[in-house]
Amino acid sequence: RRQAFGFGEAQRSGRKHSSPAGQRAELAAIYAALRAKNGSNANQLIVTDSESSIKLLEGWKNGFSSNTKRKCRNRDLVRLIVKAESEIRGQVKLTHI
């Protein structure tokens, strides 16, 4: 759904990325943002509308079992994101809009 917006206003589609391809695209965008700041010393804030991607990454880093990690559809991207995040010397925070 498209919404009209003027100068200084944010555009939000209101769609949820429930499909595997949608989540993969969101994870790819997070990875691209991290790669753009590779080796940075500054703190990084990444804003996304994909709450499911944030939860997936938090779960991966904070205790998913090995079995759960093996079943993860986008584990290749998740591993790349975790590695890219570790290469940033500042703090990385993901937030949902």
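From the N terminus on, the elements of this chain follow the order α-β-α-α-α-β. The model is a predicted one.

**Exercise 1. Overall composition**

Determine how many helices and strands the chain has, and what share of its residues is buried.

*Solution.* The secondary structure amounts to 4 helices and 2 strands. The chain has 97 residues, of which 29% are buried. As for contacts with a separation of 6 or more, 72% of those in the chain are between residues 24 or more positions apart.

**Exercise 2. The nonpolar core**

Identify which residues of the largest nonpolar core touch the most other members, and which elements give two or more residues to this core.

*Solution.* Step 1. The largest nonpolar core holds 16 residues, and L27, I30, L34, L57 and V78 touch the most other members. Step 2. Two or more residues of this core come from each of α1 (20–36), α2 (51–61), α4 (75–86) and β2 (92–96). Step 3. One of the core residues named above, L27, can be followed further. Beyond its neighbours within four places in sequence, L27 contacts S53, L56, L57, N74, L77, V78 and I81. Step 4. A general tendency may be noted here: in soluble globular proteins, nonpolar side chains tend to be buried together.

**Exercise 3. Packing of α1 against α2 and α4**

Decide whether α1 is roughly parallel or roughly perpendicular to α2, and do likewise for α1 and α4.

*Solution.* Step 1. The axes of α1 and α2 are 9 Å apart, and the packing angle is about 65°. Angles of 65 to 115 degrees count as roughly perpendicular, so α1 is roughly perpendicular to α2. Step 2. The crossing of α1 past α2 is right-handed. The residues that meet are Q23, E26, L27 and I30 from α1 and S52, S53, L56 and L57 from α2. Step 3. For α1 and α4 the axes are again 9 Å apart, but the angle is about 20°. Since angles under 35 degrees count as roughly parallel, α1 and α4 are roughly parallel to each other. Step 4. The α1–α4 crossing is left-handed. In this pair, R24, L27, A28, I30, Y31, L34 and R35 of α1 meet D76, L77, V78, L80, I81, A84 and E85 of α4.

**Exercise 4. The surroundings of α2**

State which residues of α2 are buried, and against which elements the buried residues of α2 pack.

*Solution.* Step 1. The buried residues in α2 are S53, I54, L56, L57, G59 and W60. Step 2. The buried residues of α2 pack against α1, β1 (44–48), α3 (66–71), α4 and β2. Step 3. Just after α2 comes G63, with a positive phi of about 120°.

**Exercise 5. Two glutamines**

Classify Q23 and Q44 as buried or exposed, and describe the contacts of each.

*Solution.* Step 1. Q23 is in helix α1. Its relative accessibility is 17%, and because buried means under 20%, Q23 counts as buried. Step 2. The side chain of Q23 makes a polar contact of 3.5 Å with the side chain of S52. Q23 and R73 are 50 residues apart in sequence, while their C-alpha atoms lie 9.8 Å apart in space. Step 3. Q44 belongs to strand β1. With a relative accessible area of 13%, Q44 also falls under the 20% cut-off and is therefore buried. Step 4. A polar atom of the Q44 side chain lies 3.1 Å from the backbone oxygen of A42. Not counting residues up to four places away in sequence, Q44 touches K37, I88, Q91, V92 and K93.

Key
Residues numbered from 1 in each chain as written. Predicted model: local features only at pLDDT ≥ 70, side-chain atom pairs only at ≥ 80, totals over all residues. Heavy atoms only, no water. Core = buried A, V, L, I, M, F, W, Y, C linked by side-chain atoms within 4.5 Å. Buried < 20%, exposed > 50% of the residue type's maximum accessible area, 1.4 Å probe, protein only. Contact = heavy atoms within 4.5 Å. Polar contact = N/O pair within 3.5 Å; in protein donor to acceptor, adjacent residues only side chain to side chain. Axes fitted to C-alpha atoms, helices over the stretch in contact; angles between N-to-C directions. Parallel < 35°, antiparallel > 145°, perpendicular 65-115°, else oblique. Left-handed = near helix turned anticlockwise from the far one by under 90°.
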